[in-house]
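Work through the exercises below with the model open beside you. Try each task before reading its solution.

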Amino acid sequence: MHAVANFCLIPMGISDPSVSKYIAECQRVLEKTGLKYQLGSYGTGVEGEFTEVCKAIELCHEAVHKMGCPRVATDIRIGTRMDKKGSMEDKVNSVKALLEAEKAQKE
């Protein structure tokens, strides 16, 4: 089953308020999975088969723990559809198209 997910991994129990090095490591992990992913300001989008998406997030947890982070929390949103195979871009483009159509109607 194809899934589109967004997750925000939160390293906890670290002394530095910056988490950039941990998020960069997660991006390296995601690159190795071969899944499509996109870094955002407060989360990362990832898409692929449901089990592979979940495994990728697990691998990110493992990588951050290996960096010495004692605790990791993650907020995850996962969407699946049975009527068509969507993507991260499809979801964004759908909203943009709606807004453009509304704007054109007002002109």
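**Exercise 1: The second largest pocket**

By class, 10 nonpolar and six polar residues line the second largest pocket, and no charged ones do. The model is a predicted one.

Task: Find the volume of the second largest pocket, then trace its lining to residues and elements.

Solution.
- Step 1. Start with the volume, which is about 270 Å³ for the second largest pocket.
- Step 2. Go to the centre. Of the 16 lining residues, Leu9, Val19, Ile23, Ser41 and Tyr42 are the closest to it.
- Step 3. Name the elements. Two or more lining residues come from each of S1, helix H1 (20–33), strand S2 (36–40) and strand S3 (43–49).
- Step 4. Pick the main contributor. S1 supplies the largest share of this pocket's lining, five residues.

**Exercise 2: The largest pocket**

Task: Do the same for the largest pocket, and sort its lining by class.

Solution.
- Step 1. The largest pocket holds about 460 Å³ of space.
- Step 2. Its lining has 22 residues, and Val4, Ala5, Ser87, Met88 and Lys91 are the closest to the centre.
- Step 3. Strand S1 (2–12), strand S4 (71–80) and helix H3 (88–106) each give two or more residues to this lining.
- Step 4. H3 gives the most, with six residues.
- Step 5. Sort by class: six lining residues of the largest pocket are nonpolar, nine are polar and seven are charged.

**Exercise 3: The sheet**

Task: Write down the strand order of the open sheet, and explain why S2 and S4 each have one side without a neighbour in the sheet.

Solution.
- Step 1. Read across the four strands. The order is S2-S3-S1-S4, and the pairing is antiparallel.
- Step 2. Look at the edges. S2 and S4 stand there with a single partner strand each, so one side of each has no neighbour in the sheet.
- Step 3. Add the twist, which averages 20° from one strand to the next.
- Step 4. Zoom in on one pair. S1 and S3 run antiparallel and are joined by six bridges. Phe7 has Thr44, in S3, as its bridge partner.

**Exercise 4: Helices on the sheet**

Task: Which strands does H1 touch, and at what angle does H3 run to S2?

Solution.
- Step 1. Take H1. This helix packs on the sheet and touches S1, S2 and S3. Its direction makes about 165° with that of S2.
- Step 2. Take H3. This helix lies across S1, S2 and S3. H3 runs at about 55° to S2.

Methods
Residues are numbered from 1 along each chain as its sequence is written. This is a predicted model: local features need pLDDT of at least 70, side-chain atom pairs count only at pLDDT 80 or more; totals for chains, interfaces and linings use all residues. Side-chain values use heavy atoms; hydrogens and water are left out. On a 1 Å grid over the protein atoms alone, a cavity is a set of points where a 1.4 Å probe fits but cannot get out, and a pocket is an open set with protein on both sides within 12 Å along at least five of seven lines; lining residues have an atom within 4 Å of a point. Grid points are joined across faces, edges and corners, and a volume is the space filled by probe spheres set on the points. Ala, Val, Leu, Ile, Met, Phe, Trp, Tyr, Cys and Pro count as nonpolar, Asp, Glu, Lys and Arg as charged, and the others, Gly among them, as polar. Two strands pair if DSSP finds at least two bridges between them. Axes are lines fitted to C-alpha atoms, for helices over the stretch in contact, and angles run from 0 to 180 degrees between N-to-C directions. Contact means heavy atoms within 4.5 Å.
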